[in-house]
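Dear colleague,

Please find below the sequence and the structure that I promised to hand over. My notes on what was found follow straight after.

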Amino acid sequence: MTEIFESTGQSLLYGVVGLVVMAVGFIALDLVTPGKLYHVVWTDRNRGAAVLLGSQSVAVGLVIMKAIEASESEQGLGYGLVSTLLYGLAGVLVMTVVGIVIGVVTPGQMGAVVLDDQGDRPHPAAWVQAGMYLGTGFMVGAAIS
């Protein structure tokens, strides 16, 4: 029974670390897209921004999952939590850099183009950017494991 409580506590701690990394990811995405992301998604109901945020959240979740899997070590829980945090933040950094690079090599300001909903559909660039976030998440996840 003690093992169950110990595992539950560890899960909660990893969840807190994951939440911190997800929040940093949200802030990073907010910095590279025009306007306030919270307002653009929840108030303006911008589909392109929602596609971008959803894909980035899945990608960050994948990186965190792989970081947790890789963190199992004889060096203890503290080491695992710190390594998960650092790997997760590295993943967010790589995704942000990829987003910026894509913005530089594509026509127009990528953030503005992605947020340009076309009627009731997101701009095709939103799907491209979403795919890049997911691909980057898989790439960073593979590097961790």
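**Annotated spans and what the model shows**

According to the unreviewed UniProt entry, the annotation "transmembrane region" covers residues 12-29, 49-68, 80-105 and 125-144; UniProt positions are given here in the numbering used for this structure, feature names are shortened, and annotations may be inferred rather than shown by experiment. Please keep in mind that this is a predicted model, in which local features need pLDDT of at least 70 and side-chain atom pairs count only at pLDDT 80 or more, while totals for chains, interfaces and linings use all residues. Residues are numbered from 1 along each chain as its sequence is written, and side-chain values use heavy atoms, with hydrogens and water left out.

In the span of residues 12-29 the end C-alpha atoms lie 25 Å apart, and in the span of residues 49-68 they lie 28 Å apart; the span 12-29 is 100% helix and 0% strand, and so is the span 49-68. The protein as a whole has six helices and zero strands, where helices (H or I, at least four residues) and strands (E, at least two) are DSSP runs numbered from the N terminus. Its C-alpha trace spans about 55 × 30 × 20 Å along the principal axes, and buried residues (under 20% relative accessible area; exposed is over 50%, partly exposed in between, with a 1.4 Å probe and protein chains only) make up 39% of the 145 residues.

**Helix packing**

Two packed helices are described by the angle between their axes and the distance between the axes. The axes of α3 (residues 47-71) and α4 (residues 77-105) come within 8 Å and cross at roughly 150°, the axes being lines fitted to C-alpha atoms, for helices over the stretch in contact, with angles running from 0 to 180 degrees between N-to-C directions. Among the residues that meet here (contact means heavy atoms within 4.5 Å) are Val60, Val63 and Ala67 in α3 and Gly88, Gly91 and Met95 in α4. The residues of this contact of α3 with α4 divide into nine nonpolar, seven polar and no charged, with Ala, Val, Leu, Ile, Met, Phe, Trp, Tyr, Cys and Pro counted as nonpolar, Asp, Glu, Lys and Arg as charged, and the others, Gly among them, as polar.

Helices α4 and α6 pack at an angle of about 145°, with their axes 9 Å apart. That contact includes Val94, Met95 and Val98 of α4 and Met132, Thr136 and Val140 of α6, and its residues divide into ten nonpolar, five polar and no charged. Thr136, which is placed in helix α6 (residues 124-144), is buried, with a relative accessible area of 3%, and touches Val94, Met95 and Val98, not counting residues up to four places away in sequence.

**Core and one loop residue**

The largest nonpolar core (a set of buried Ala, Val, Leu, Ile, Met, Phe, Trp, Tyr and Cys residues joined through side-chain atoms within 4.5 Å) has 25 residues, and those with the most contacts inside it include Leu37, Val60 and Met95. Its largest share, nine residues, comes from α3. Leaving aside neighbours within four places in sequence, Leu37 is in contact with Phe26, Leu29, Asp30, Ala49 and Leu53.

Lastly, Arg45 lies in the loop between α2 and α3 and has a positive phi of about 55° although it is not a glycine. Most residues other than glycine have a negative phi. At 63% relative accessibility, Arg45 counts as exposed.

With best wishes
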